[in-house]
Amino acid sequence: MFNKMSITDIDVSGQRVFCRVDFNVPLDEQRNITDDTRIRAALPTIRYLLEQGARLILASHLGRPKGKVDPAYSLAPAATHLQGLLGKPVRMASDCIGDQVKAQIAQLADGEVILLENVRFYPGETDNDPQFAAELAALADLYVNDAFGTAHRAHASTEGVARLLKPAVAGFLMEKELKYLGEALANPERPFVAIIGGAKVSDKILVIEQLLEKVDSILIGGGMAYTFLKAQGIATGTSLLEADRVELAKKLLAQAESRGVEFLLPQDHIVAAEFKADSSAQTCGNTDFPADRMALDIGPQTIKLYRQKIASAKTVVWNGPMGVFEFDAFARGTFAIAEALAASDCLSIIGGGDSVAAVNKAGLDAEMTHISTGGGASLEFLEGKELPGVVALTDR
Ligand code: ADP
Ligand code: MG
């Protein structure tokens, strides 16, 4: 399954190691880092490489500077922050390619680290331009990819450079992400339950299709549930509806049935007149759905049913909130799922930016087996796609 070389397979001592990390952190107006999860997630790899005596060159993107230098997207705040976390100096490079950067790297002693400036200051990064990739490769002797969150993008620093700098190996975070997501899909302990929610069916079609071939049960929540309920002929008021996906929803329901996969939809709902935080909430079922109300969360009976399924599951993959958890009045369903996962002794894997934010908001992140750091990457992995940043690494 996971047959790529890892940092523990190579000798990095005295080597210039180009390590792609995901330091794409949120910044406030004063350019303070408001959430350092991604930097912390890369620490095991960074510490290991430094302890092994590597001359470490870190590379990342930050935001979308659209291929030109924009100080608003400088990685300098990440260098300062990393220095605090490591308790040792982290140099900030003036650029990410070129002679000046080469000279800065030449000054590194074994066990020292420099952070390159934002690779997206050049259009060659997202274009995966071979010339730009070659300039990145010219900085180092070896390549490490620990940026799972961007592994689904074939960019110069994630894919192009890995084709030029060999060996190209996975860092600890990359390995951990692929291990949990990969093993859950390839060899799950059963019952294997998928919980799929979020706004739209159209965002999650491929995930549902892929998981239908692997799981014992699928529990649906969030805005997408209403397109499925519509497909069953249930009135859903003014709830989110993708009218052009009703036929597809029918097809997926039929596929589940023919595969013997239990496919559960919400039985009751928390509804409101408007999509607003202070909308007054009421509960309804599938037979008494008010025509002028929209569902913004799953209801108590659904929570109870889903909780039972989670309690008896051995493996659970969760992608997509059960309701509009950003509004306190409609966060109950999502938080209840997080609580049920925390209470269950199942292997719990959480993917998806908003689902992870919800688990963090519930304060239950430490109770999950694995929280993916890559929203888009984990989604594509669950869709069964190969991640270009992983494919490009050296085989064992
Ligand atoms: P993830 O990032 O975990 O993959 P998505 O991006 O697919 O999740 O969906 C998250 C969004 O879905 C949230 O912003 C949430 O407010 C929205 N959502 C959930 N339930 C509903 C609903 N019933 N109606 C409208 N939007 C919803
Ligand atoms: Mg999202």
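A pocket, as the word is used on this tour, is an open set of grid points with protein on both sides within 12 Å along at least five of seven lines. Keep in mind as you click around that this is a predicted model.

**Stop one: the largest pocket.** Start with the space of about 740 Å³ that makes up the largest pocket. Its lining counts 26 residues, and if you want to land by its centre, select Thr37, Val356, Ile371, Ser372 and Thr373, the closest ones. Now colour by secondary structure. Helices α1 (37-41), α8 (172-186), α14 and α15 (375-382), along with strand β15 (370-371), each put at least two residues into this lining. Colour by residue class instead and the lining splits into 12 polar, 9 nonpolar and 5 charged residues.

**Stop two: ligand 1.** Next, select ligand 1, whose space is the second largest pocket. Show its surroundings and you should get 18 residues, with Lys204, Ala295, Glu326, Asp354 and Ser355 as the closest. Which elements each supply at least two residues of this shell? Pick β12 (294-298) and α14 (353-361). Helix α14 is the top contributor here, giving 3 residues to the shell, and you have already met α14 in the lining of the largest pocket. As for classes, the shell around ligand 1 holds 9 polar, 6 nonpolar and 3 charged residues.

Zoom in on the polar contacts now. Begin with Glu326: an N or O atom in its side chain is 2.5 Å from an oxygen atom of ligand 1. Then swing over to Asp354, where a backbone N or O atom is the partner, 2.8 Å from an oxygen atom of the ligand. Finish on Gly223, which brings a backbone N or O atom to 3.2 Å from a nitrogen atom of ligand 1. Turn on the surface and see how covered the ligand is: alone it exposes 580 Å², and the protein buries 85% of that.

**Stop three: the cavity.** How many cavities of 30 Å³ or more are there to visit? Just 1. The largest cavity has a volume of about 40 Å³. To find the spot, select Asp22, Arg38, Asp146, Ala147, Phe148, Gly149, Leu173 and Thr373, which line the cavity. Thr373 may ring a bell from stop one, where it was among the residues closest to the centre of the largest pocket. By class, the cavity lining is made up of 3 charged, 3 nonpolar and 2 polar residues.

Technical notes
Residues numbered from 1 in each chain as written. Chains lettered and ligands numbered in written order. Predicted model: local features only at pLDDT ≥ 70, side-chain atom pairs only at ≥ 80, totals over all residues. Heavy atoms only, no water. Near = heavy atom within 4 Å. Polar contact = N/O pair within 3.5 Å; in protein donor to acceptor, adjacent residues only side chain to side chain. Areas by Shrake-Rupley, 256 points an atom, 1.4 Å probe, with all protein chains shown as cover. 1 Å grid on protein atoms, 1.4 Å probe; cavity = no way out; pocket = protein on both sides within 12 Å on 5 of 7 lines; lining within 4 Å. Sits in = over half its atoms within 2 Å of the grid points. Helix = DSSP H or I, 4+ residues; strand = E, 2+ residues; numbered from the N terminus. Nonpolar A, V, L, I, M, F, W, Y, C, P; charged D, E, K, R; others polar. Points joined across faces, edges and corners; volume = space filled by probe spheres on them.
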